[in-house]
Amino acid sequence: MARKSARDKIDTNLAKQDDGLKWYFSVLPEVLDGVSTASPALAYSFQLIESGQRMGLYALIMREYRTDSELTWNAVDRIDITRRNFPLLFQKISGKKLSKTGRELIAPAEFVRDAIMHGRDKTEAEIQEAILKCLEYAEYLNTEFFTKAGFRPFGKLQGVTSKKGVPQLPRKISQLVLDGLLQKIEPETKSPAE
């Protein structure tokens, strides 16, 4: 039996996903088919990951705190969501920790992405494996968000931020809540002696 290529694994992974995640990554096969190297498809995959994380934080704030939607989106759109502070933001907003498994899933893809962004060569197979890791991470994060927050950030998110009969907070109070939630978060660092 022939060994499955990384591209076949990507297609198989997408085919088995729920409708929301399939919809979210629906353009990825076209991007892969339309380019001579998979590098743009990897960049696109990471753009989708980062956009999903940002939308996930927005929806989480809206569900948990019912802040003014415009102020909330503007605040979330301005924050710098990094590899280190995304789990910290999730924890601060929800009071729950994301497991390290998600970070471990996406780390090999980040390594490939960083290498390409700094002009280093990676094979097509390595790039496609990194894309597959992005899909696996999105699937994992969807499951973890659903378990801990009740929704999946990689999908259509219809109705996620609405709570029938529960009004949004006034703008002044919303701003105070958002300032407290999204103030600069510094990851814990070890002292030089450690």
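Helices here are DSSP runs of H or I with at least four residues, numbered from the N terminus. By that rule, S174 lies in helix α9. The structure is a predicted model.

Start with the overall fold. The protein has 9 helices and 0 strands. From the N terminus on, every element in the run is therefore an α, from α1 through to α9. The C-alpha trace spans about 60 × 50 × 25 Å along its principal axes. Of the contacts with a separation of 6 or more, 73% join residues 24 or more positions apart.

Next, the surface. About 11,200 Å² is exposed, and carbon and sulfur atoms supply 52% of that area. The protein carries 30 positive and 26 negative side chains. The centres of these two sets lie 5 Å apart.

Now go inside. Of the 194 residues, 40% are buried. In soluble globular proteins, nonpolar side chains tend to be buried together. In this model, the largest nonpolar core has 51 residues. Which of them have the most contacts inside the core? They are F25, L28, I131 and L182. Take L28 as a guide. Leaving aside neighbours within four places in sequence, L28 is in contact with I10, L14, A41, Y44, S45, I131 and L135. One of these partners, I131, is itself on the list of residues with the most contacts inside the core.

Two loop residues deserve a look at the backbone. Most residues other than glycine have a negative phi. R66 has a positive phi, near 55°. Its place is the loop between α4 (39–65) and α5 (69–78). Is R66 buried or exposed? R66 counts as buried, because its relative accessibility is 10% and the cut-off is under 20%. L157 also has a positive phi, near 60°. This leucine sits in the loop between α8 (124–149) and α9 (171–182). L157 has 19% relative accessibility, so it counts as buried too.

Finish at S174, back in helix α9. S174 counts as buried because its relative accessibility is 0%. What does the side chain of S174 reach? It reaches the backbone oxygen of L169, at 3.2 Å. Beyond neighbours within four places in sequence, S174 is in contact with T67, D68, L71 and L169. Among these, L71 falls within α5 (69–78). L169 thus appears twice for S174, because the residue is a contact and its backbone oxygen is reached by the serine side chain within the 3.5 Å limit for a polar contact.

Technical notes: Residues numbered from 1 in each chain as written. Predicted model: local features only at pLDDT ≥ 70, side-chain atom pairs only at ≥ 80, totals over all residues. Heavy atoms only, no water. Buried < 20%, exposed > 50% of the residue type's maximum accessible area, 1.4 Å probe, protein only. Contact = heavy atoms within 4.5 Å. Areas by Shrake-Rupley, 256 points an atom, 1.4 Å probe, with all protein chains shown as cover. Lys, Arg positive; Asp, Glu negative; His and termini not counted. Charge placed at Lys NZ, Arg CZ, Asp CG, Glu CD. Core = buried A, V, L, I, M, F, W, Y, C linked by side-chain atoms within 4.5 Å. Polar contact = N/O pair within 3.5 Å; in protein donor to acceptor, adjacent residues only side chain to side chain.
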